[in-house]
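I am opening a fresh page in my notebook for this chain, and I will write down what I look up, one topic at a time.

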Amino acid sequence: MSPKAKKYLITTRTHEIFIMRYERQPTIYGFCPECQKEVVLLTSDSAVTHSGKRARELFGLIESGAIHAIETASGHLLICRDSLLAK
Ligand SMILES: [Zn+2]
């Protein structure tokens with residue numbers, strides 16, 4: 001860098017606002033291989049709302065097998081409500 005060159009420090013600050021609307025969703029039923037029966041399946045957002053647990057905590061419980069979940073062919077995660085309520 002030449003001695004005449006100036007160095008500029010540009011600081012930016014951003015704020016992001018997320019607005020989420022929860023509207024009534026139709027109930028999803030499906031077969032849980034762990035429970036071996038048809039159960040109500042929740043989306044991850046619905047599971048957070050129902051349980052009051054944070055999404056990261058829920059995913060940890062799913063990974064450990066404490067909560068049952070099914071991954072759909074399109075990659076969505078559906079969570080077994082029975083296993084969630086048992087926690
Ligand atoms: Zn289950």
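**Entry 1: the chain as a whole**

I began with burial, and found that of the 87 residues of the chain, 18% count as buried. I noted at once that this is a predicted model, so I looked up the confidence as well: the average pLDDT of the chain is 83, and 77% of the residues score at least 70. When I went through the elements, confidence was lowest in β1, with a mean of 89, and highest in α2, at 95.

Next I listed the elements and found three helices and four strands, which follow the pattern β-β-α-α-β-β-α when I read along the sequence. I also looked at how far apart in sequence the contacting residues are, and 48% of the contacts with a separation of 6 or more come from residues 24 or more positions apart.

**Entry 2: the sheet**

In which order do the four strands lie in the sheet? I traced an open sheet with the order β1-β2-β4-β3, in which the pairing is antiparallel. The strands at the edges are β1 and β3, each of which pairs on one side only. On average, neighbouring strands of this sheet are turned by 45° against each other, if direction is ignored. I then saw that α1 packs on the sheet, where it touches β2 and β4, and that the direction of α1 makes about 90° with that of β2. I added a reminder for myself that strands of a sheet pair through backbone hydrogen bonds, either parallel or antiparallel.

**Entry 3: the hairpin of β1 and β2**

I followed strand β1 (residues 28-32) and counted five bridges that join it to β2, the two running antiparallel. Within this pairing, Cys 32 stands opposite Lys 37 in β2. The hairpin has four residues between its strands, and Gln 36 is found in this loop between β1 and β2.

What is the phi of Gln 36? I read a value near 60°, which is positive although the residue is not a glycine. I marked this because most residues other than glycine have a negative phi. I also asked myself whether Gln 36 is buried or exposed. Gln 36 has 8 other C-beta atoms within 10 Å, so I put it down as exposed.

**Entry 4: helix α2**

I looked up the buried residues of α2, which are Leu 58, Leu 61 and Ile 62. Seen down the axis of α2, these buried residues fall within an arc of 100°, so they line one face of the helix. I wrote the general rule beside this: an α-helix has 3.6 residues a turn, so residues three or four places apart point the same way. On the other side of α2, I found Arg 56, Glu 63 and Ser 64 exposed. When I looked for what covers the buried residues of α2, I found that the cover includes α1 and β3 (69-71). Just after α2 comes Gly 65, which takes a positive phi of about 90°.

**Entry 5: the largest nonpolar core**

Which members of the largest nonpolar core touch the most other members? Of its 14 residues, I listed Leu 41, Leu 42, Ile 67, Ala 69, Ile 79, Cys 80 and Leu 84. The elements that give two or more residues to this core are β2 (37-43), α2 (55-64) and β4 (77-80). I then took Leu 42 by itself and, leaving aside its neighbours within four places in sequence, found it in contact with Ala 47, His 50, Leu 78, Ile 79, Arg 81 and Leu 84.

**Entry 6: Ser 51 and Leu 85**

I finished with two residues that lie 34 positions apart along the chain, Ser 51 and Leu 85, whose C-alpha atoms are separated by 7.4 Å. Ser 51 is found in helix α1 (residues 44-51), and Leu 85 has its place in helix α3 (residues 81-86). Ser 51 counts as partly exposed because it has 18 C-beta neighbours inside 10 Å, whereas Leu 85, with 11 such neighbours, counts as exposed. Leaving aside its neighbours within four places in sequence, Ser 51 is in contact with Leu 58 and Leu 84. As a last check I took Leu 85 and Ile 67, which are 18 residues apart in sequence and 9.2 Å apart in space, C-alpha to C-alpha.

Conventions:
Residues are numbered from 1 along each chain as its sequence is written. This is a predicted model: local features need pLDDT of at least 70, side-chain atom pairs count only at pLDDT 80 or more; totals for chains, interfaces and linings use all residues. A residue is buried if 20 or more other C-beta atoms lie within 10 Å of its own, exposed if 12 or fewer, and partly exposed in between; C-beta atoms are placed from the backbone. Two residues are in contact if their C-beta atoms, placed from the backbone, lie within 7 Å. A nonpolar core is a set of buried Ala, Val, Leu, Ile, Met, Phe, Trp, Tyr and Cys residues joined through C-beta atoms within 7 Å. Two strands pair if DSSP finds at least two bridges between them. The arc is that of the directions from the helix axis to the C-beta atoms. Axes are lines fitted to C-alpha atoms, for helices over the stretch in contact, and angles run from 0 to 180 degrees between N-to-C directions. pLDDT is the predictor's confidence in each residue, from 0 to 100.
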